[in-house]
Amino acid sequence: METSKNIEKQVENTVKESVKKVVKIFFFVLLGIGIAFLVGYVVMYLWNWLMPYLFGLPTVGYWQALGILLLSKIIFGFGGGGGSHDKRKKSRKKEFFKNRCRPMRRDFSEWEHYDAFWKEEGELAYKNFVNRLKKEQNEEGSQP
């Protein structure tokens, strides 16, 4: 007898929790719709207040204002910045590039010979390269 009462209580509590969740979801959906209508009205009001006087543009209706808002969100993005989520994302990105660049890291002790190499072979190679480019340009210019 006691177990059946406990089961009934558990079922009743589960049903109550489910109903609370459904009511919350419904409330937030209605709130979102209300905010969307309010934002559309604010955009329409601001457009009709500023744009005709500043730029000589025509006034817009409510649905046109919502279209302008949606178009601007598509073009310029939906926001979504800030918060601790970005910090985690940045640290993951930093780790990714750190690990990605690891194979490219070299022992830079070889670079002590770079200046000597450049003086001996680099300058000559560069001069030969420039002369070759000039020669190719002269040949292209002389062809009909």
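This is a short talk on the aromatic pairs and one helical stretch of a predicted model.

Start with the annotation. The UniProt record, an unreviewed entry, gives "transmembrane region" for residues 25–50 and 62–84. Take residues 25–50. The chain there is 100% helix and 0% strand. The C-alpha atoms at its two ends are 37 Å apart.

Now the rings. How many aromatic pairs does a search of the whole structure find? Four. I will show two of them, with numbers. A pair of aromatic rings is described by the distance of the centres and the angle of the planes.

Pair one is F27 with F28. Centre to centre, these rings are 5.6 Å apart. The planes meet at 65 degrees. Edge-to-face needs over 60 degrees, so this pair qualifies.

What about exposure? F27 has a relative accessible area of 48%, so F27 is partly exposed. F28 comes out at 53%, and that makes F28 exposed. The cut-off between those two classes is 50%.

Pair two is Y62 with W63. The centres are 5.1 Å apart. The angle between the planes is 80 degrees, and this pair is edge-to-face.

Which of the two classes fits Y62, buried or exposed? Buried: Y62 has a relative accessible area of 17%. Buried means under 20%. W63 counts as exposed, at 62% relative accessibility. So this edge-to-face pair joins a buried tyrosine to an exposed tryptophan.

One last point. Y62 and W63 belong to one aromatic cluster with F37. By the UniProt annotation, residues 25–50 and 62–84 are the transmembrane regions. F37 falls in the range 25–50, while Y62 and W63 fall in 62–84.

Conventions: Residues numbered from 1 in each chain as written. Predicted model: local features only at pLDDT ≥ 70, side-chain atom pairs only at ≥ 80, totals over all residues. Heavy atoms only, no water. UniProt positions renumbered as here; feature names shortened; annotations may be inferred. Helix = DSSP H or I, 4+ residues; strand = E, 2+ residues; numbered from the N terminus. Phe/Tyr/Trp six-rings, centres within 6.5 Å; stacked < 30°, edge-to-face > 60°. Buried < 20%, exposed > 50% of the residue type's maximum accessible area, 1.4 Å probe, protein only.
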